[in-house]
Amino acid sequence: MEKKMSFGIKSKIIIGYLIVIICLFIAFIVLNSQISSLQKERNFIIDHDIEVHDLTNRIEKHLLDMETGQRGYIITGEASYLEPYNSAASSWGKDYNALYQLLNNNPNQQEKLEKIKGSIQDWIEAAGEPTIALKKENNTKELQQFFEKDPGRQYMDDIRSQFTSFRNVEKKSTETRATELDEKNQKIKIGLYGLLLFVTLISLAIAIVLSNSIVNTIKEVTQTIKRITASKGELKGRIKVRSNDEIKDLGIATNALLENIEERNWLQTNIAHAVTMYQGIASVDKLAEKFLFTISEMTGASFGAFYVREENDKGDLFVKQAAFADRKGDAGRESFLIGEGLIGQAALEKRNLLINDVPDTYQLIASGLGDVKPKSIFIVPVLFEDEVIAVIELASLHEFTVLEQELISQVIETLGLTINGVIRRMEIARLLKESQAMTEELQAQSEELQTQSEELQMQSEELRMINEQLEERTKDAEEKSFELEAAKEDLEEKAHQLELNSQYKSEFLANMSHELRTPLNSILILSEMLEENAAKTLSEDEEEYARIIHSSGKDLLALINDILDLSKVESGKLDVLLAEMNMSELPDQIERNFSHVAEQKKVQLKINKAQDVPDIIHTDEKRFQQIVKNLLSNAFKFTESGSVTVSIQRVADHRLTTAMRTVDTDCWLEIAVADTGIGIPKEKHQLIFEAFQQADGATVRKYGGTGLGLSICSEFAKLLGGWISLSSEVGKGSTFTLYLPSLSNGLVDYEKVNFAYEEVAVSVEEAEPEAEITEIDHPVQPVEPSLQNDENVFQDKRVLIVDDDQRNIFALKTALAKQGMTIMTAHNGIECLEMMKNSEPFDLILMDIMMPQMDGYEAMQKIRGELKLVDLPIIALTAKAMKNDREKCLEAGASDYISKPLDLNQLFSVMRVWLVN
């Protein structure tokens, strides 16, 4: 059956008002329509009739103007009188057409207008135009004869008579429309009064229906409430309401209130009965039996068990104290631990547990006729001071109602206190018995305690002395902690000082590098020019002197670079740029760089590369090449005869140590440089990897060198995640082996593999090489550097040299002038800007960085910014070859960057690129 739709008082009132409003709205629409119709007719009368009369008067006026102008011209002969005549003659036709169109719904009036038009045209043709023409001809005689007859007067009289008849008809038509309009207005008034009466009747009917619906329903509810009140506390009666509105909701709410009050009365009565039941019970088992019987009677439970907490070695154990409807003592388990089963879980979580979907295997409830499965189980923990001291489980053949659950929960709230009181009384009785037995034992022990008291006094004295000693040691410990704190602060201060020293050292090396490279730049350029002897003015000895000067300058430059590299490594400011490196090109690179050295020293160069070496590895190619070059340079330096062998192979998997396997790498490479030179004593193997150290003084005197190469190689190898091992025997030669990982996934911590260095070295020395080694034979051809001159590129190019050092200016100016270039010089950035503003444009600028007044950075920025010369090639030249110098120069506006001392081949190559572009 569908639920009846609720139709409340508010809805009824709103609908009534809506009906009244709709009726008023309809009346308003009808009235507005009638008023609009009246307004249109009124406007038609006003606009149409007025326009007709206005046009009629204007036509008569035009005709009067024509007559007046005609007569004035005939009498005076002045042409000015013809102006109103001509104007009226051209205008009356327009007004006539407008009037004719306005009367398109009145054919009779249009016929009259046509007659008027004919009369006007007859007057013009018979009296107007002929007389004016006679006057223009000055034919006075004919004019006099014409006016003696004067036919025009008759036309005028006819026209006026026709207009009077026309206006009378229009006036009658206007009066007829006004009368019809009055009749419609009267009908609208009558209709308006009728609508008002209709809306009033509808409103009264709706008000009566709504009021009766509301009042009658309220009366029924009031009478029902009075009957319930007169029943002296009997709450069985209920309110019945037939309407489906708010009054019904009020009745339903009142019935719910009565049911709630009735339930509360039942609940309070049973709670009071249960509380009074506890009085006089002195044992827990009696209390449990009484409670189960009473609560089962109140709730209709058919089965129950009562468990009380006891403490034992296993923890809190809940033991069954009583059962209801027990069948041979099998009503539930005898005991359980907290958290064991559903009942144990309820005790653990301290919350009630209701189960209505009881499984078939649950304990059956026995009766005289058989066993019945319960439908609902209710497990309730009993709390005292937020601790579970008992658990009650009830089973029923029906589901426990919410009211029964609330009854059990409220009774349980006071049951915890009662159980605790009973347990306390039982405990007091037990303790009383035990205290009587213990009193006798205490009397016997009192004498022993007295003896022990004397011993304790002696021990307390000893403890006092020990305590004093401990206090003294505590003071000593505090003093030492203060000393440690002071030492810590001192160490932090020294660490800060070391950091400042490292910074000062870096700045000192940078400035010293600049100061050394600046004069060295002039030495190398001029010595190279002297060595070439382009003018053929030097003797062979002088050319040799120039070669020695140039070679010494390069050695000094290498020493400066080694010191700077070592300083960067020690300060941790050396960047490692990982990228792909082509290992297949390494043998050719070694051949190109060292074949001429091998030929000069008459030493055989062998290069062996295994087949399993990958073509591509990931590492810093620049640092890798520097390590290989240093190792090969040392090998050739200390080998007078025999051979230098380079072996490149992949470390086999079975040779990898545990530490090497932990590194995230694609593979490990082994690059060995073996020579047949002088060898190194075993006790010097570690020493030679330290800075400025060689095997002995004789080696320094005979072969030279600073002892930095191997130190730099070792540090670079660590940065790349590898290391260098040494195997050498005096008089037979040395083998330096570089172990290097392919770092495709980024840098590794060298400390992870450093501790395995000795293990790897031993395993590598003992293992036999298994990879197939392919010897690469290359013809040894010396590669002689040559200075290339491209006259077509450099000829007549204007170059500006900006440098504060006259030696550099002289060297560069001399070298560039020989190439056919026009050279201009400036000593700082300010002079450079002035020359660029006041002289012809330059093709290229060589810009030094460190200059007084305005340095190269600022000068390049102003050239690019203020002078807007964004395409002019600017090559930055600096002797301060420190970290990020190249990036700083390019950001300031440099097109390219070369560090001093300059290599003329490199300089000309860079200039050629920018001049061609």
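Where is the place of Val30? Val30 sits in helix α1 (residues 9–76), and the views below start from the whole chain before coming back to it. This is a predicted model, where local features need pLDDT of at least 70, side-chain atom pairs count only at pLDDT 80 or more, and totals for chains, interfaces and linings use all residues. Residues are numbered from 1 along each chain as its sequence is written, and side-chain values use heavy atoms, with hydrogens and water left out.

**View 1. The whole protein.** The protein has 23 helices and 21 strands (DSSP runs numbered from the N terminus: helices are H or I with at least four residues, strands are E with at least two). Of its 917 residues, 39% are buried (under 20% relative accessible area; exposed is over 50%, partly exposed in between; 1.4 Å probe, protein chains only). About 53700 Å² is exposed, with carbon and sulfur atoms supplying 53% of that (Shrake-Rupley method, 1.4 Å probe; for residues, only the protein chains shown count as cover).

**View 2. A nonpolar patch that takes in Val30.** Ile13, Ile14, Ile15, Tyr17, Leu18, Ile19, Ile21, Ile22, Ile26 and Val30 form this surface patch, with about 870 Å² of accessible area together. Patch residues have over 30% relative accessible area and no salt bridge, and nonpolar side chains (Val, Leu, Ile, Met, Phe, Trp, Tyr) are joined within 5 Å, like charges within 9 Å. A salt bridge here is a side-chain nitrogen of Lys or Arg within 4 Å of a carboxyl oxygen of Asp or Glu. Val30 counts as partly exposed because its relative accessibility is 42%.

**View 3. The β14–β15 hairpin.** Strands β14 and β15 (residues 733–741) run antiparallel, joined by seven bridges (strands pair if DSSP finds at least two bridges between them). Ser725 has Thr737 of β15 as its bridge partner. Three residues lie between the strands, and Gly731 takes a positive phi near 85° in this hairpin. Five of the seven residues of β14 (residues 723–729) are buried, so β14 is largely enclosed by the rest of the structure.

**View 4. The largest nonpolar core.** Among its 40 residues, Met583, Ile590, Phe624, Ile627, Leu632, Phe736 and Leu738 touch the most other members (a core is a set of buried Ala, Val, Leu, Ile, Met, Phe, Trp, Tyr and Cys residues joined through side-chain atoms within 4.5 Å). Elements supplying at least two residues each include α11 (586–601), α12 (621–637), β14 and β15. The largest share, seven residues, comes from α12.
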